[in-house]
Amino acid sequence: MIKPALSALALLAAASPVLAHDDAPPSAEQQFAEIASWEGRWKVAETDALQIVFEITARGKTVVERWETASGLHSMTVYHLDGGHVIATHYCPQGNQPRLESTPGEDGQIAFAFRDITGLDDGESHAFTLDWAMRGDGTLVRTEVYRSAEGPGEPGRYTLSKAEDE
């Protein structure tokens, strides 16, 4: 009688997020909540010519990442949940729209892998991977890889820090 009760307790502990102590990767909902927490304007350490703005829209179901330059809007990426993934649709100045989906990542990182694309013309490259890493000092590191007909290019990295309220 004690063994079945202990077995049931062990199953309950394993199924309960409060009692379980596993190192499960963040869920898509947790990843989306992290992205939404970036709302606001961010400076880019590598250039003064670019700022990145995160805005929450669609009753909290969508986050828009806008790249702004002195000459206006450069590009944007739109994030939303789709089942067990966060989808990132990048609206590129080249005119294509790759969709990337989140993958189970390590704590403190959100990684996206290529899913599909629309609007790709001959000779264009497109976003192929996108990774976000949150640092302990409050900065974000955005790493992206573009792919062309010749294959993946070198990673591009931007370090973002929250802009002071203006």
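**Exercise 1. Place Leu 100 in the predicted model and decide whether the residue is buried or exposed.**

Solution. Begin with the secondary structure: Leu 100 is found in strand E6, which covers residues 97–103, and the model in which this strand appears is a predicted one. Next, take the accessibility, which for Leu 100 is 2% in relative terms; because the cut-off for buried is under 20%, Leu 100 counts as buried. Then look at what surrounds the residue: once neighbours within four places in sequence are set aside, the contacts of Leu 100 include Val 86, Ile 87 and Ala 88, as well as Phe 112, Ala 113, Phe 114 and Arg 115, and also Ala 127, Phe 128, Thr 129 and Leu 130. One of these partners, Ile 87, is 13 residues away from Leu 100 in sequence, while the C-alpha atoms of the two are 5.7 Å apart in space.

**Exercise 2. Find the cavities of 30 Å³ or more in the whole structure, and describe the lining of the largest cavity.**

Solution. The principle comes first: rolling a probe the size of a water molecule over the atoms shows where empty space is left. Applied to the whole structure, the search finds 1 cavity of 30 Å³ or more, and about 50 Å³ of space lies in the largest cavity. The lining brings back Leu 100, which is joined there by Thr 77, His 90, Ala 127, Leu 130, Arg 142, Glu 144 and Tyr 146. Assign these residues to elements: E8 and strand E9 (140–148) are the elements that give two or more residues to the lining, and E9 gives the most, with 3 residues. Sorted by class, the lining of the largest cavity holds 4 nonpolar, 2 polar and 2 charged residues.

**Exercise 3. Describe the largest pocket, and state which element supplies the largest share of its lining.**

Solution. Start from the volume, since the largest pocket holds about 200 Å³ of space. Its lining is made up of Ala 24, Pro 25, Pro 26, Gln 30, Gln 31, Glu 34, Asp 107, Gly 108, Gln 109, Ile 110 and Met 134. Helix H2 (28–36) and strand E7 (109–118) each supply at least two of these residues, and the largest share, 3 residues, comes from H2. By class, the lining of the largest pocket divides into 5 nonpolar, 4 polar and 2 charged residues.

Now take one lining residue, Gly 108, which lies in the loop between E6 and E7 and is partly exposed, with a relative accessible area of 27%. Leaving out residues up to four places away in sequence, Gly 108 touches Trp 132, Ala 133 and Met 134. The first partner named, Trp 132, is 24 residues from Gly 108 in sequence, with a C-alpha to C-alpha distance of 8.3 Å.

**Exercise 4. Work out which residues have the most contacts inside the largest nonpolar core, and which elements build that core.**

Solution. As background, nonpolar side chains in soluble globular proteins tend to be buried together. Here, 33% of the 166 residues of the protein count as buried. The largest nonpolar core has 23 residues, and those with the most contacts inside it are Ile 35, Trp 38, Phe 54, Tyr 79, Phe 112 and Trp 132. H2 and the strands E1, E2, E3, E5, E7 and E8 each supply at least two residues of this core, and the largest share, 4 residues, comes from H2.

To see how one core residue is surrounded, follow Trp 132: beyond its neighbours within four places in sequence, its contacts include Trp 38, Phe 54, Tyr 79 and Phe 112, and they also include Glu 65, Arg 142 and Leu 160.

**Exercise 5. In the loop between E2 and E3, examine the phi values and the exposure of Ala 58 and Arg 59.**

Solution. Recall first that most residues other than glycine have a negative phi. Ala 58, in the loop between E2 and E3, has a positive phi of about 55 degrees although it is not a glycine. Arg 59 has its place in the loop between E2 and E3 as well, and its phi, near 55 degrees, is again positive in a residue other than glycine. For exposure, Ala 58 is partly exposed at a relative accessible area of 42%, whereas Arg 59, at 85%, is exposed.

How values were computed: Residues are numbered from 1 along each chain as its sequence is written. This is a predicted model: local features need pLDDT of at least 70, side-chain atom pairs count only at pLDDT 80 or more; totals for chains, interfaces and linings use all residues. Side-chain values use heavy atoms; hydrogens and water are left out. Buried means under 20% relative accessible area, exposed over 50%, partly exposed in between (1.4 Å probe, protein chains only). On a 1 Å grid over the protein atoms alone, a cavity is a set of points where a 1.4 Å probe fits but cannot get out, and a pocket is an open set with protein on both sides within 12 Å along at least five of seven lines; lining residues have an atom within 4 Å of a point. Grid points are joined across faces, edges and corners, and a volume is the space filled by probe spheres set on the points. Ala, Val, Leu, Ile, Met, Phe, Trp, Tyr, Cys and Pro count as nonpolar, Asp, Glu, Lys and Arg as charged, and the others, Gly among them, as polar. A nonpolar core is a set of buried Ala, Val, Leu, Ile, Met, Phe, Trp, Tyr and Cys residues joined through side-chain atoms within 4.5 Å. Contact means heavy atoms within 4.5 Å.
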